[in-house]
Structures are given as C-alpha cells and as structure tokens.
Amino acid sequence: MNIEQNQIEKHNDSLLTTHQRKLNFLKEDWSHVDLESVIQKLVDFQIAIPSWALGTGGTRFGRFAITGGEPRTIEEKIEDVGLLHALNGASGAISLHIPWDIPQNAESLKSLASSYGLKFDAMNSNTFQDQAGSAHSYKFGSLQNVNKAVRKQAIEHNIEVIKHGIALGSDALTVWLADGSCFPGQLNFRKAFENTLESLEEIYSALPGDWKMFVEYKAFEPNFYSTTVGDWGQSLLYASKLGKQAYTLVDLGHHLPNANIEQIVALLLMEGKLGGFHFNDSKYGDDDLTAGSIKPYQLFLIFNELVEGMDAKGMNHAKDLGWMIDASHNVKDPLEDLLQSVEAIMIAYAQALLVDRKALNAAQDNNDVAGAQEILQNTFRTDLRALVAEARLRAGAALSPIGLYRDLAVRSNLVDHRGNTVATGL
C-alpha cells in the first residue's frame, strides 16, 4: 500500500488552522530562540526502523498476532517503512537482521528502498539463536564459546552479514551477544572475555575502511548470572581494544533499574566512543516498550547530554551517530507503536535543542542547583508537539501521522492485501 501525496495534503489542510495557531503561540513564547534553525534540524533528523519491529513481538510465553497484514518478505518490510516515512518524514532508513532478512537481490532491494526515500542502516547479526542447518549450537555462547569451531561459525556469520551490508550500501555492523552464564562456576570470565575479543578482532578486520562496528551491551537476559558484554564499561573496553572503527551502542532498555543512562552517554561521547542508540522504554527491565511511554523525562535528559556533547565536538546531529528504534511489543499495531516512538524521540530532541545553554552553564558554574533544575524543567514542560509537526509539514509528511494512518485504514488495507500474515523474525 502506498500513501499518496494528495492524501497527505488533504489531511494536512483539515488540520492546518489549528496547527498554525499552536505554532504561532510557540513562536511568540520562544521569540528569543532561532526556531527556524531548530525546525530544520528536526527535518534533517532521521530514525532508522528495524525490520523485526514491523511485526508483533512477544514474550517468553507466546506471541499474539494482530489482525494480520504483517510483512512476509524484505520487500514488504521496506514497503511498511516507506509507509511510516511517508507519514512522519523521519523514518528514512531500515535496519536488517540476518538471517531473518537475507537479501536475495541487493540491487533490486536498493532500488525499491530508494523509491520510498529509504536507505539501509546498520546491519545486525544473530548468534543468539540456533539457525536451521547450522553445524554448531550457541547454547553455551557464540563468540565466547570454549569450542573454537562454534566461535568460527559465529565469526563467519558476522562476516557474511558485512558482505550483505556492503551490497546494500550500509556502513555499519551491530553485534549483540547473548553470551554469558547462568550459574556460578559455569564460565571462566577471563577466558570468555579473551575468546570474545579474539573473535571480534577477526570480524573487525573484515570491516571496510568507512564502516563502523557497534558493540552492544546488555545487563542480563538470556543469561542471568553473567553477561560477557554486560555493561557500557565492558563494551567500551572491547571498542577501545578493537580500534577507531569500533564504538559502544546504547540500548536504553539494556540497563539495570535506575541506571544513570544520561551520564553514561555523556562520558562515551566525551571519549569519542559513542556509536549510536537503540531507542525503547522500560518499567522493570529490558521491556522494549514504546520510546518515551514510561520515562519521557529521562529521554529528554539523554538528549540534553547528546546535544550539548555533540555541539561541543562540532558533530552533525543527523549523521555522526546511529539512531534506531528497537522495540517489540505484542499488544499494539506495530506501525502505530513505531509512529509513537518516533514522535517521542523527536519531541525529546526538540526539547534538548531549546535548552538555554548559556543560562544552564552559568547555573552550573555558580552551583545554582534549583536554577539549573528550573531551566531544564521549563523546557521539558513546554508542549513542543507543534514544532515537531511543523517539521513534518515541511518534509511533506502528515501533521497527525496516527490520525491519517487510521483515517486511511492502513492496517485493514494491509490485511486485505496480505491476509492473516505474521512477520518473519522473532
């Protein structure tokens, strides 16, 4: 299904008067700020959509399909991201997971993606599941495994993923490992680290010169006693040992409760080792909930550190870090869930752009604790949805993405076209 530009324009015309009133109020209230510059940064900012988030997710106990219409092929997944991008103007890339989405004809896929205004984001390997036809199991780890043959199989898989990415025009590899241990004594921590580093070094040597390797970390799950890349320090250690093309990737859900993620982000950025993000939200652990649905203030605080740190280094907000959603919830329409996540991320970014840096720095230098809090919370408590909507309008997208999605009965149309399908992947 395609959303035509005239459908978007008709939708926008019906909302334009109300939108302009809200935008004018913001412009008056923030007349001391260059809002045109902020809007342009919002237009330029793109958030990649993972191919595995286009279908319903699940839990350890089951997966509940929605009414159908989930994408069955890479082509249909690209079509769905194209729908999202048409609606919000901010989802201009798709991230593939191998072997769930093995490209059969890279040139054809590139052409299809281009027709929707999309590019291919970071490629993702999978050594946390045993694959059909594989000679060895990852039950006791992949890149850390005590069996060299198992490690070699995992290495070769990652190199295969890089080759697929080269053919598609990607420029990054994300490595997330489920490796770890369930019980004390099961694993020699030092040997596990050394085996993993040796394996990553072999994968790293296969990277093209203009690629990045993102080393993702996770505190727990599926192993609950130890994880071989269990926190940002371990990831940073690997990335530092590997070389200048290796970076830490921060998944917001991959932290123990109450971790100060904004401080982690600030320090990784300071060290030049922050590679990018997987956006989601959580209440208890790695819940993979819609970004901004539980902790919107934390999301803003993270972006506050990002904007300050990237500006200090003269970095391009849109291009110099990897931005991607990694959510998988099983009670929502996945496309609506993704639209909500993108909206929340864009609002947090807009809020961070509007923070009065000079006033905040002065408050910090004078130990004015209450003053610093007021500066941050004044921006956070301002409704900036009209600013984000204006960026969508200028990008040719919808003022109300979910509103138009529902008005056009997109899910029903997908069901009519595809039937009662369930997406490949998890």
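In this predicted model, helix H12 covers residues 369-380. At 1.5 Å a residue, its 12 residues should span 16 Å, and the C-alpha atoms at its ends lie 17 Å apart, which agrees. Several residues of H12 are buried, namely Gly371, Ala372, Ile375, Leu376, Gln377 and Thr379. An α-helix has 3.6 residues a turn, so residues three or four places apart point the same way. The buried residues of H12 pack against three other helices: H9 (296-312), H10 (334-353) and H11 (357-365).

Helix H10 also takes part in the second largest pocket, to whose lining it supplies at least two residues. This pocket has a volume of about 620 Å³. It is lined by 31 residues, of which Glu343, Arg385, Ala389, Arg392 and Leu399 are the closest to its centre. Helices H1 (5-29), H2 (35-44), H13 (385-394) and H14 (401-407) likewise each supply at least two residues of the lining. The greatest contribution comes from H1, with 7 residues. Sorted by class, the lining holds 17 nonpolar, 8 polar and 6 charged residues.

The discussion now turns from helices to strands. An open sheet is formed by 6 strands in the order S4-S5-S7-S9-S10-S11, with parallel pairing. Strands S4 (123-124) and S11 (322-325) stand at the edges; each has a single partner strand, so one side of each is left without a neighbour in the sheet.

Within this sheet, strand S9 (residues 246-251) pairs with S10 in the parallel sense over 4 bridges. Thr248 has Leu274 of S10 as its bridge partner, and Asp251 stands opposite His278, also in S10. How many of the 6 residues of strand S10 (residues 274-279) are buried? The count is 6 of 6, so S10 is largely enclosed by the rest of the structure.

The edge strand S4 contains Asn124. Asn124 is buried, with a relative accessible area of 3%, which is below the 20% limit that defines a buried residue. When residues up to four places away in sequence are left out, Asn124 touches Trp52, Ser95, Leu96, His97, Ile98, Val161, Thr174 and His278. One of these contacts, His278, is the residue of S10 that stands opposite Asp251. Asn124 and Pro99 are 25 residues apart along the chain, and their C-alpha atoms are separated by 9.0 Å.

How values were computed: Residues are numbered from 1 along each chain as its sequence is written. This is a predicted model: local features need pLDDT of at least 70, side-chain atom pairs count only at pLDDT 80 or more; totals for chains, interfaces and linings use all residues. Side-chain values use heavy atoms; hydrogens and water are left out. The expected span of a helix is 1.5 Å times one less than its number of residues. Buried means under 20% relative accessible area, exposed over 50%, partly exposed in between (1.4 Å probe, protein chains only). Contact means heavy atoms within 4.5 Å. On a 1 Å grid over the protein atoms alone, a cavity is a set of points where a 1.4 Å probe fits but cannot get out, and a pocket is an open set with protein on both sides within 12 Å along at least five of seven lines; lining residues have an atom within 4 Å of a point. Grid points are joined across faces, edges and corners, and a volume is the space filled by probe spheres set on the points. Ala, Val, Leu, Ile, Met, Phe, Trp, Tyr, Cys and Pro count as nonpolar, Asp, Glu, Lys and Arg as charged, and the others, Gly among them, as polar. Two strands pair if DSSP finds at least two bridges between them.
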